[in-house]
Structures are given as C-alpha cells and as structure tokens.
Amino acid sequence: MDFNDPSFRELLDALHDGVYITDADGITLKVNGAYERLTGLRSEDVVGQHMQALVEQGVISQSVSLRVLKEGRALSLMQSVSQGKRLLVSGTPILDATGQVRYVVSTVRDMTELLRIKHERDELQQLKELRSSTAKLHAGQRGDLLYASPVADHPASGRIFAQARQVAASDVKVLLQGETGVGKTLIAQYIHKSSPRAAQPFLALNCGALPENLIEAELFGYVAGAFTGAGSKGKRGLLELAHHGTVFLDEIGDLPLALQVKLLKVIEESRFIPVGGLELKEVDVRIITATHHDLRQMVADGRFRADLYYRLNVVPIHIPALRERPDEIQPLLDFYLAEFNGRYGRALTWGLEALDALTDYAWPGNIRELINLVERLVVTCTGEAVELFDLPEEMRTPAAEAGNENLPLRKQVEQLERRLIRKALVQYKTTREAAKALGLSQATLVQKMKRWEQG
C-alpha cells in the first residue's frame, strides 16, 4: 500500500475522526489531518517513530496499537495527550492472507467535551449541596453532624438520620448494625448531639481492639493495686467519666462473655464495681452499641448472652454498605476532596475517567476506605487533577465486581445494563448503532441513559 499516494492522503484527510496507522512492528506509518488537529502532534513528529518510544517520551499516555499487536484483536481505550484532552482510540488489526497482522488502523475521537457534559448536571447539583451543607455547619446550628454530611438528604442516609433523630430524645437502647467503615460512629455521635445529653461527654470504646483485661479496665476503671502495672492512684473508667453523657461501644459482638455479665448489670441497675474494688458506683449514662456481626446468630451459637442482646437491641438501625447506595459515592468523594484540599493547601479536582472508576468501585471498606483514599490522593498526586492512573490498580477496573452479589437483584440488573450500554456506545459510537447491536430501540436506550443521569 502506498501511503504517500496523494489520493490516499486526500481520502484520509476528508475524515472527521483522527486516523493513525502502524505496521506489524508498531512503527508509525501515517496519520491524517484530523489526528494532527485533535492531538496537536504533527505528522513529522510521529511518522517513523515506534509507539513504545512515543509512550516513554510522554507524547501519549498509552498505545492502543501496541495492545492490538499484543492481543491480536480489536479494542478501545481512553488516551491522554499533552494538551490534556481525553481521546477514545479504537484500534483494528488488518490481517494478511496468512492471518498475520499487517497493519493496525486506529480511529481517534475527542471525548473530552462529551465526558464533561455527562457529569455537568451532577457536579452542579453536588456543588449546591456542598455549599448548603458548609453554610449550615458554619452557622453552628444544633444537629451540625447532619448538616455537615453531604448525603444526609439522599434517600438511604436520610432514613438513617431520621431514625437517629427519632430515638435521640429518649434513652432507648440503640444497636447500630452494618459493615466496618459504614459510619456507625458518626451516627452514634449524631444521636448524642441531638439528645438532651449533648452538653455532656461522648466516649467511645472499640471492644474488638483490646484484650479482655484492658477492656474491663477501660470500661469500669480500677482501684489502686488492682493488678500488676495498675496506677498507684487507680483510674476512673469510661462509664464513670461519661456520667450524664453517652458511652458508645463499637464491635459489641467482640465483648467477652464475662464482661457481658458486668455490662448487663450496668444496664439493669445503673451501677458497677471497678476492677479490684468493693464499692458499687452509681452511674447515669446512655449506652449505644454497634456491630458488624450477626448477634442473633451469635446468641444461637452461645457466643453472646441472649438477655444482653435483647437489652441492647431495642431499636436496631441498619446502615447499608456504600455499594448499596451508589448515588452517595460522588457527593462523598467531592466533600472529602474539598476537606483535604483545604487541609493540605491543594486545589485538586477529579479527572472524569477517575471519577467514573471510583463511582463504579464496590468500596469493600465503605466510607472509611473512601476517606483514606481521598486523603492519600491529595497528598501524593502531582498533577492538578486526580487521573485514572493515580488510582490503585483494583479501582481502575470499570464497574468493579467485588461485593456486587450483595446488591438487590434490580440494582445488579441495572448495573449490568449500564456496563453493556457503555461498552456498546464505545464500540459503535452512536446511540442508533449501539441500540441496534443490543436489540433495543434507540428511544429505549436514550430513555435509560437519561434516567441514570437524573438518578
């Protein structure tokens, strides 16, 4: 094939999409005018250059041609160029008579504006919510934990906060249930701040973080000389220090059976005996507990006292995993990015590809994992935006599968539809062709996309 033929050049330059052609060794043979316009790269800058060299020089972020040569099949990927544009590059192998790859022809389309439009509505709405939340927080109104949350008026979290407000006025026992990292401590704090005890101490103890003897000493306190290493003056425990306030016992399922008996006595009689002591101490505290265990099953297995379980489980509040409330992921990402930008003097924004990957990720560590990741990115990212390549490897996979089997069937079906439609749009470029390939009408496909944007 004569790539220098004027007619061939005229044909390529008539195309709106960029065209990039390499040989079977990855050497650039030809680019058209649209490619030069989209990338800012001139033909003489790349023709004759090996694709790997262009990647190593930072001219392009990654090469679809090299992937096609390696895998021997057509594929698409997003590519970054030095101007900051996001390009959708689709590479197709051209085979010779023996079935060997002779050329790779790649088409290039500018996706920057399309991705920006896709996120515009959500970004504007979330900015409005964040400003509203910040204004209410600075106003110092009661219940500021609610107003500081960027997801308090989303359906799932809104129900949780509503339940918390409802139980806050009384001393009814509340058992917070949910996976590690979903925000059980935040809800416990909100209940305390919304209660008549708000001006008194809120003290928390993780029952799974300490050995039995230290949990007992921390919770009940001890008298002088109670055990080897005990302080000469003794120590007051959390129950005594939180008098008239609230004690939050996280991971209550890890509390040893012997201490469960002592805790039950506190609940029933509002008094206890410190470690090594003889004198009963009266105490007025509200006790809120939390667990990620199935306490009912633990009772059946003899690992948790039934009488204590029923005392603690007067009002159970279940906090769903973050993967079960995907509409809250982006508001949380935006909120904590703003928080850590302020703390570390940065002005990072989310790259659109990175944001897509994070909203599709299953977040097995829930909100705690999200907060830790955002802080790490703010500290380590060197650019002005968090890009896809800045994320950990497990988060770069579109629509990460981990944990999705726990979603309701309707949600799983919706996520599968979204992935298939997104893949078809990348492959076929237009909604008409994508709908045809999926066996849908164009109107149905567009309607589904609009519903997801509004959701």
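The paragraphs below lead from the chain as a whole to a parallel sheet, a helix, a loop residue and some aromatic rings.

This is a predicted model, in which local features need pLDDT of at least 70 and side-chain atom pairs count only at pLDDT 80 or more, while totals for chains, interfaces and linings use all residues. Residues are numbered from 1 along each chain as its sequence is written, and side-chain values use heavy atoms, with hydrogens and water left out.

The chain has 21 helices and 16 strands, where helices (H or I, at least four residues) and strands (E, at least two) are DSSP runs numbered from the N terminus. Buried residues make up 43% of the 455 residues in the chain; buried means under 20% relative accessible area, exposed means over 50%, and partly exposed lies in between, with a 1.4 Å probe and protein chains only. Among contacts (heavy atoms within 4.5 Å) between residues at least 6 apart in sequence, 61% join residues at least 24 apart.

Strands of a sheet pair through backbone hydrogen bonds, either parallel or antiparallel. Here, an open sheet of 5 strands follows the order S7-S10-S13-S6-S14 with parallel pairing, two strands being paired if DSSP finds at least two bridges between them. Strand S7 (202–206) and strand S14 (315–318) stand at the edges with a single partner strand each, so one side of each is left without a neighbour in the sheet. The twist averages 20° from one strand to the next, with axes taken as lines fitted to C-alpha atoms, for helices over the stretch in contact, and angles running from 0 to 180 degrees between N-to-C directions.

Within this sheet, strand S6 (residues 174–177) pairs with strand S13 (residues 286–291) in the parallel sense over 4 bridges, and Leu176 has Ala290 of S13 as its bridge partner. S6 also pairs with S14 in the parallel sense over 4 bridges, where Leu175 has Pro316 of S14 as its bridge partner. Helix H8 (residues 155–168) lies across S6, S13 and S14, and runs at about 160° to S14.

Another helix, H16 (residues 352–360), is largely enclosed by the rest of the structure, because 7 of its 9 residues are buried. The buried residues of H16 include Glu353 and Asp356 as well as Leu352, Ala354 and Leu355.

In the loop between strand S2 (28–31) and helix H2 (33–39) is Asn32, which is buried, with a relative accessible area of 0%. A polar atom of the Asn32 side chain lies 3.0 Å from the backbone oxygen of Leu12, and the side chain of Asn32 also reaches the backbone nitrogen of Tyr35 at 2.9 Å. When residues up to four places away in sequence are not counted, Asn32 touches Leu12, Asp13, Leu15, Asp17, Gly18 and Val19.

The structure holds 8 aromatic pairs, meaning rings of Phe, Tyr and Trp (its six-membered ring) whose centres lie within 6.5 Å, with planes under 30 degrees apart counted as stacked, over 60 as edge-to-face and the rest as tilted. One of these is the edge-to-face pair of Tyr309 and Tyr310, at 5.1 Å centre to centre and 65° between the planes. Tyr309 counts as buried at 4% relative accessibility, whereas Tyr310 counts as exposed at 54%.

Notes. A polar contact is a pair of N or O atoms within 3.5 Å; within protein, one must be able to donate a hydrogen and the other to accept it, and residues adjacent in sequence count only if both atoms are side-chain atoms.
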